[in-house]
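Visitor: Hello! I am new to protein structures, and I would like a close look at one single part. Could you take me through it slowly?

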Amino acid sequence: MSAVLTLFLIVLLVFFLIIGLPIAVSLGLCAVFGAVFSNIPLSNLVKPMANSLISSPMISIPFFLLVGNIMFESGISKRLIEFLNSFLGSLRGGLNYAAVFACALFSALAGPAPITVIAVGSILYAEMSALGYSQARSAGLFTAAGSLGSIIPPSVIMVVYASITKAPLKDLFVSGAGIGVMIAIVFLIICFYLGRSEFAPKRVLPFSFATFAKTFFAALPAVFIPIIIVGGIYFKLLSALQS
């Protein structure tokens with residue numbers, strides 16, 4: 001590919017983005033223009049794309065996104081956060097711990113980090129601000145804890161990486177689970193340390209067993225969904241590792 005064509009495609013990509021085309025569409029159009037001007041048959045582009053889409057790892061990505069959207073739109077994620085807050089809210093800075101736990105659990109449900117940040121942050125951020133939590137630190141907490149969606153299985157990034165590099169997906173999932181738990185523990189330690197200063201307000205929510213029981217039963221769908229999804233993944237991984 002000549003330098004002139006490369007510069008043309010870069011300018012074309014910037015133009016597409018400026019006029020508001022989605023990134024995927026912009027990249028696809030640039031690939032088509034590049035193939036046409038380079039006299040490359042379009043079939044050489046279509047066949048690899050079709051083969052990658054019919055691979056089993058890539059097929060799982062839309063289902064991970066679907067579960068995350070169902071959790072968010074149906075209010076199941078809100079019930080899960082209310083359940084976590086029912087017993088963690090009695091601690092100083094309890095909403096910080098609830099945010100970390102919610103991000104970790106939601107990551108095991110939906111996978112993508114942006115969905116995790118939106119689902120958890122849209123529910124907890126306003127409540128934390130109203131109780132006196134630092135808005136800047138709360139936003140930073142959601143952004144950092146939401147990154148667990150890229151590490152804790154099922155991870156879309158791991159699925160894409162495995163499909164491209166042919167790396168064993170089960171090894172990536174097993175490694176990501178352990179690393180994700182360790183990172184979540186580090187987040188909890190940081191929340192505990194900073195919660196003793198300005199990060200968490202002095203006001204705490206009194207523990208109520210009635211509230212705990214009510215939110216627990218309301219959150220049962222959110223509790224069983226990760227058990228079904230993650231349990232199915234890891235039982236399959238265990239059987240694969242033993243074989």
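Visitor: Which residues make the nonpolar surface patch of about 410 Å²?

Guide: Happy to help! Please keep in mind that this is a predicted model. The patch is made by Phe8, Val25, Leu29, Phe33 and Phe37. Helix α2 gives the most to this nonpolar patch, with four residues, so let us stay with that helix for a while, since helix α2 covers residues 23-37.

Start with Phe33, which is found in helix α2. Phe33 has 32% relative accessibility, and because the partly exposed class lies between 20% and 50%, Phe33 counts as partly exposed. Phe37 comes out at 49% relative accessibility, so Phe37 counts as partly exposed too. These two residues sit four places apart in helix α2, about one turn of the helix.

Now look at the rings. The count of aromatic pairs comes to five. One of them is formed by Phe33 and Phe37, with 6.4 Å from centre to centre and 15 degrees between the planes. That pair is stacked, because planes under 30 degrees apart count as stacked. Phe8 joins in as well: Phe8, Phe33 and Phe37 form one aromatic cluster. You have met these three names already, as Phe8, Phe33 and Phe37 are among the residues that make the patch.

Helix α2 also has a residue that is hidden from the surface. Ser26 lies in this helix, and its relative accessibility is 0%, so Ser26 counts as buried. What does Ser26 touch? Leaving aside neighbours within four places in sequence, Ser26 is in contact with Leu13, Phe16, Leu17 and Leu21. So in one helix you can find Ser26, which is buried at 0%, and Phe33, which is partly exposed at 32%.

Finally, step back to see where this part belongs. The protein chain has 12 helices and zero strands. Of its 243 residues, 35% count as buried. The chain exposes about 13,600 Å², and carbon and sulfur atoms supply 76% of that area. Among contacts with a separation of 6 or more, 71% are between residues 24 or more positions apart. When you turn the model, try finding Phe8, Val25, Leu29, Phe33 and Phe37 together, as they make the patch you asked about.

Technical notes:
Residues are numbered from 1 along each chain as its sequence is written. This is a predicted model: local features need pLDDT of at least 70, side-chain atom pairs count only at pLDDT 80 or more; totals for chains, interfaces and linings use all residues. Side-chain values use heavy atoms; hydrogens and water are left out. Buried means under 20% relative accessible area, exposed over 50%, partly exposed in between (1.4 Å probe, protein chains only). Contact means heavy atoms within 4.5 Å. Patches are made of residues with over 30% relative accessible area and no salt bridge: like charges are joined within 9 Å, nonpolar side chains (Val, Leu, Ile, Met, Phe, Trp, Tyr) within 5 Å. Accessible areas come from the Shrake-Rupley method with a 1.4 Å probe; for residues, only the protein chains shown count as cover. A salt bridge is a side-chain nitrogen of Lys or Arg within 4 Å of a carboxyl oxygen of Asp or Glu. Rings of Phe, Tyr and Trp (its six-membered ring) pair if their centres lie within 6.5 Å; planes under 30 degrees apart count as stacked, over 60 as edge-to-face and the rest as tilted.
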